[in-house]
Structure formats: C-alpha cells, structure tokens
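My notebook is open and the viewer is loaded. I'll jot down what I look up, one stop at a time.

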Amino acid sequence: MVNRLAVNLCGIPMQNPLVPASGSFGFGLELADTLDLNLLGGISLKGTTREARFGNPTPRIAECTAGMINSVGLQNPGIEVLVSEKAPALRRIYRGVIIANISGYSVEEYAFNCGRADACPDIDLLEVNISCPNVHGGGMAFGTEPKLAAAVTRAVKEVTEKPVFIKLSPNVTDIVSIAKACEDAGADGITLVNTFLGMRIDIARRQPVIANKMGGFSGAAIFPIALRMVYQVAHACRIPVMGCGGVQRAEDVIEMMMAGATAVQVGAENLRNPMACPEMLEALPELMDRLGIKCLQDIIGVV
C-alpha cells in the first residue's frame with residue numbers, strides 16, 4: 001500500500017513530513033513516555049554548541065497573544081554529549097529521521113560541530129542554525145548577511161557528507177538573497193523560519209518580562225509571514241525547504257507544502273500541546289480526501 005503521507009527529503013525517505021522543531025522536543029527522549037515517537041517523520045534535536053551551555057538567565061518565557069517569547073539561550077550539554085549519548089539513545093527507540101541542530105560562535109566552531117555530527121552514524125541530517133536571536137556572540141549575525149551565511153555553509157560542507165540544511169533568521173529585509181547565497185555555497189536545503197525578535201513589558205514592575213529583555217517570538221501569529229518566506233525561497237531556489245513558523249493544525253501543514261515546503265516543522269505548538277504532531281497526522285488523511293489530494297508529495301510547491 002502506498003503511504004500517502006510519505007515525502008523524500010534530499011534522498012532521505014520520510015514516512016510523513018512532520019518534524020518537531022529544534023527546542024520544542026528536547027533530544028526526543030524526554031517525550032518518549034508521552035507519545036509514540038515513531039509516528040513522527042523526523043525530529044530536530046535541541047540546538048547544540050561545542051561546549052555545554054547553561055543558557056540565559058531566568059525568566060526565559062513570556063506568553064503573548066497567539067504566541068510566546070522565549071530566550072532560553074541554547075542551553076545544551078555540548079556536541080560530544082550529543083554524538084556519544086543523546087543521538088545513540090534516541091536511535092535505539094526511534095526509526096525516523098534524526099536531525100542534529102548545530103549552532104556556533106565562529107565559522108570554525110560551526111565546522112567542528114558539524115564534522116562531529118556528520119561522523120555520528122545515528123544522525124541522518126544536519127540543520128545549521130545561523131538564526132538564533134537569543135545568544136550574544138554571533139548566532140544571529142551569521143544569518144543576516146549573505147556573505148557570512150555563505151561562509152558558514154562552505155565551511156560546513158567541506159567537512160560533511162550528509163545533507164546540510166541552513167536554518168535562516170526571518171529578521172532580515174531580503175530572505176531570498178541569503179537563501180540563494182547558501183544554495184550557491186553548497187547547502188542541500190533551507191529551514192525557515194526561526195523566531196522573530198520580540199519583547200514584552202511588565203507594566204506593573206516597569207521592566208521587561210524576559211530577563212534578557214528580548215527573545216524569539218513564535219506561535220500562530222507568525223504563520224502568515226513564515227508562509228510568505230517559505231513561498232519566496234522555495235520558488236527562488238532549487239533546493240528543498242523545511243517550513244516552520246506558527247504551524248498548529250493539519251490545514252497549516254497543507255498550506256506550507258503548497259507554498260513549497262517538502263517537510264514541515266512544528267515548534268511552539270508542541271510546547272502548548274505535546275500531542276500536536278500526532279493529532280495533525282491523524283487529521284491529515286481526511287483533510288486530503290476532502291481536498292482531493294492523493295499524496296502529499298504531489299502538492300509541494302503547487303501554488
């Protein structure tokens with residue numbers, strides 16, 4: 001029987017296009033007792049740096065209308081723990097696509113981290129985060145200038161054989177020029193978008209709600225902007241796109257794919273409802289029947 005939900009991402013077969021976004025599912029292991037991980041097409045693991053990071057000071061989370069602001073600051077145990085402990089432990093219980101989300105403070109650190117992740121047999125795909133707005137020291141800057149984005153891409157591709165997706169910041173004027181620079185530098189795909197830079201103020205205390213003052217705004221409110229950027233990049237580049245930003249329901253998945261996304265990541269909604277992805281997967285076949293969609297692969301970029 002043909003799997004109607006199946007897609008192919010850079011030659012890697014996925015049983016469905018749904019991927020919990022980095023930061024919303026930890027290293028996958030944390031949710032293993034809550035849901036059947038093997039329902040998921042892929043899992044993008046918690047963002048990882050070379051050294052362990054404690055992250056930003058608390059409070060780190062602020063609720064917003066139709067979304068949230070977070071400033072976790074890439075709290076993680078470091079690349080060696082990822083490749084020696086976290087990814088192997090997940091592979092023992094999960095058959096789908098394991099995506100390592102890699103960050104860094106220099107081109108050299110990105111290359112080192114990606115080289116280590118590429119050598120790990122339990123990791124299928126690398127997602128290079130040059131877009132995080134929460135960490136001082138370079139994370140966001142690399143994703144806001146085409147030449148810097150290309151420099152990271154080239155350095156990473158020199159030390160890797162597995163597919164490399166570059167995760168871009170939406171906090172730019174021209175997302176297409178940066179995506180095309182990454183494509184020209186050898187990127188195998190693009191993930192977009194990461195969070196927008198946002199802020200909330202506690203009017204009683206007259207202070208920012210977030211200790212770091214500003215953080216990444218995500219959730220349903222950003223979906224139309226994320227969709228627009230997915231459409232622009234998917235139609236300007238020849239490499240596949242993983243769409244992300246405000247996805248809450250099966251209808252959003254269809255929209256993202258029609259705009260050009262091959263796979264669809266779910267972020268903030270997982271934090272609100274850990275069963276969000278299984279619920280979307282359950283709803284998709286009936287929705288596809290209603291819309292006359294035979295297979296999801298057929299609708300990628302139809303708009």
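**Entry 1: a strand, a helix, a strand.** I began with strand S9, helix H4 (residues 175–184) and strand S10, which together make a right-handed β-α-β unit. Note to self: this is a predicted model. I then checked how the two strands sit together: S9 (residues 164–167) and S10 run parallel and are joined by three bridges. For one concrete spot, I found Phe 165 opposite Gly 189 in S10.

**Entry 2: the other neighbour of S10.** S10 also pairs with strand S15 (residues 241–244), in the parallel sense, over three bridges. Here I looked up Ile 190, and its bridge partner in S15 is Val 241.

Next I asked myself which residues of S10 lie on which side. On one side I have Gly 189 and Thr 191, on the other Ile 190 and Leu 192, and all of them are buried, so both faces of S10 (residues 189–192) are covered. A reminder from class fits here: side chains in a regular strand alternate between the two faces of the sheet.

**Entry 3: a leucine in a helix.** I hopped over to Leu 227, which is found in helix H5 (residues 223–236). Is Leu 227 buried or exposed? Its relative accessible area is 17%, and the cut-off for buried is under 20%, so Leu 227 counts as buried. I also compared its position with Leu 192: the two are 35 residues apart along the chain, and their C-alpha atoms are separated by 9.1 Å.

**Entry 4: strand S7.** How many of the residues of strand S7 are buried? I got six of the six for S7 (residues 97–102), so this strand is largely enclosed by the rest of the structure. I sorted them by side, too. Val 97, Ile 99 and Asn 101 go on one side, while Ile 98, Ala 100 and Ile 102 go on the other. Both faces of S7 are covered.

Then I looked for the partners of S7. Strand S4 (residues 42–44) runs parallel to S7, with three bridges joining them. In that pairing, Ile 43 has Ile 98 as its bridge partner. Strand S8 (residues 125–129) is parallel to S7 as well, and four bridges join these two. There I noted Ile 99 standing opposite Leu 125 in S8.

I also traced the path through the helix: S7, helix H2 (residues 107–118) and S8 make a right-handed β-α-β unit.

**Entry 5: an open sheet.** Now for some antiparallel pairing. I wrote down the order S5-S6-S14-S11 for an open sheet of four strands. Which strands are at the edges? They are S5 (61–64) and S11 (196–198), and each pairs on one side only. From one strand to the next, the twist averages 35°.

Zooming in, I saw that S6 (residues 67–70) and S14 (residues 215–218) are antiparallel and pair over three bridges. Met 68 stands opposite Ser 218 in S14.

**Entry 6: a patch on the surface.** My last stop was Leu 197, found in strand S11. I looked up its relative accessibility, which is 39%, so Leu 197 counts as partly exposed. Leu 197 also helps make a nonpolar surface patch of about 500 Å². The other members I listed are Met 199, Ile 201, Ile 203 and Met 214.

Note on methods
Residues are numbered from 1 along each chain as its sequence is written. This is a predicted model: local features need pLDDT of at least 70, side-chain atom pairs count only at pLDDT 80 or more; totals for chains, interfaces and linings use all residues. Side-chain values use heavy atoms; hydrogens and water are left out. Two strands pair if DSSP finds at least two bridges between them. Axes are lines fitted to C-alpha atoms, for helices over the stretch in contact, and angles run from 0 to 180 degrees between N-to-C directions. Patches are made of residues with over 30% relative accessible area and no salt bridge: like charges are joined within 9 Å, nonpolar side chains (Val, Leu, Ile, Met, Phe, Trp, Tyr) within 5 Å. Accessible areas come from the Shrake-Rupley method with a 1.4 Å probe; for residues, only the protein chains shown count as cover. A salt bridge is a side-chain nitrogen of Lys or Arg within 4 Å of a carboxyl oxygen of Asp or Glu. Buried means under 20% relative accessible area, exposed over 50%, partly exposed in between (1.4 Å probe, protein chains only). A crossover is right-handed if, with the strands pointing away from the viewer, the path from the first strand over the helix to the second runs clockwise.
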